[in-house]
Amino acid sequence: LGLVASGGAFLAPFLIGRQAGAGDVKYAASIGFCLGLYYSLIAFIIMSLLFFFYSVSIIFSKKRSLKTSVAMGPYMSMGFILAFILLKGAI
């Protein structure tokens with residue numbers, strides 16, 4: 001269930017040609033497969049927060065603009081690691 005939800009969340013933007021690459025879709029699906037539905041949602045919330053803080057920091061520093069492309073992989077990895085730590089702590 002996590003594989004379908006996570007992969008689908010990244011597949012939709014990929015299909016319309018916006019904001020996600022094929023690698024992001026496959027990586028999101030594998031995170032969903034490993035963590036399950038609940039913890040993959042937690043991983044993507046963490047990823048979104050980390051990405052938001054990075055985006056705000058680069059906008060305020062005026063080093064880049066809103067049109068600058070940023071790789072999602074590092075933020076997905078950090079979300080996965082932190083959610084996996086939460087999962088192992090819960091067991």
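The following questions and answers concern helix H1 and its packing in a predicted model.

Q: What makes up the secondary structure of the chain?
A: The chain comes to three helices and zero strands, and its elements run α-α-α from the N terminus on.

Q: How do you know that the span of helix H1 agrees with its number of residues?
A: Helix H1 covers residues 2-15, and at 1.5 Å a residue its 14 residues should span 20 Å; the end C-alpha atoms are 20 Å apart, which agrees.

Q: Where is the kink in H1 centred, and what is its angle?
A: The kink in H1 is centred on glycine 8 and amounts to about 30°, while glycine 17, just after H1, takes a positive phi of about 80°.

Q: Why is H1 called oblique to H2?
A: H1 and helix H2 (residues 22-61) pack at an angle of about 125°, with their axes 7 Å apart. That makes H1 oblique to H2, because angles of 65 to 115 degrees count as roughly perpendicular and those over 145 as roughly antiparallel, and the value falls in neither range. The crossing of the two helices is right-handed.

Q: Which residues of H1 meet H2, and which residues of H1 are buried?
A: The residues of H1 that meet H2 include Gly2, Ser6, Gly7 and Phe10, and these four are buried in H1, being under 20% relative accessible area. On the side of H2, the partners include Ala28, Ala29, Gly32, Phe33 and Gly36.

Q: What share of the chain counts as buried?
A: Of the 91 residues of the chain, 30% count as buried.

Definitions and conventions: Residues are numbered from 1 along each chain as its sequence is written. This is a predicted model: local features need pLDDT of at least 70, side-chain atom pairs count only at pLDDT 80 or more; totals for chains, interfaces and linings use all residues. Side-chain values use heavy atoms; hydrogens and water are left out. The expected span of a helix is 1.5 Å times one less than its number of residues. The bend at a residue is the angle between axes fitted to the seven residues ending there and the seven starting there. Buried means under 20% relative accessible area, exposed over 50%, partly exposed in between (1.4 Å probe, protein chains only). Axes are lines fitted to C-alpha atoms, for helices over the stretch in contact, and angles run from 0 to 180 degrees between N-to-C directions. Angles under 35 degrees count as roughly parallel, over 145 as roughly antiparallel, 65 to 115 as roughly perpendicular and the rest as oblique. A crossing is left-handed if the near helix is turned anticlockwise from the far one by less than a right angle, and right-handed if clockwise. Contact means heavy atoms within 4.5 Å.
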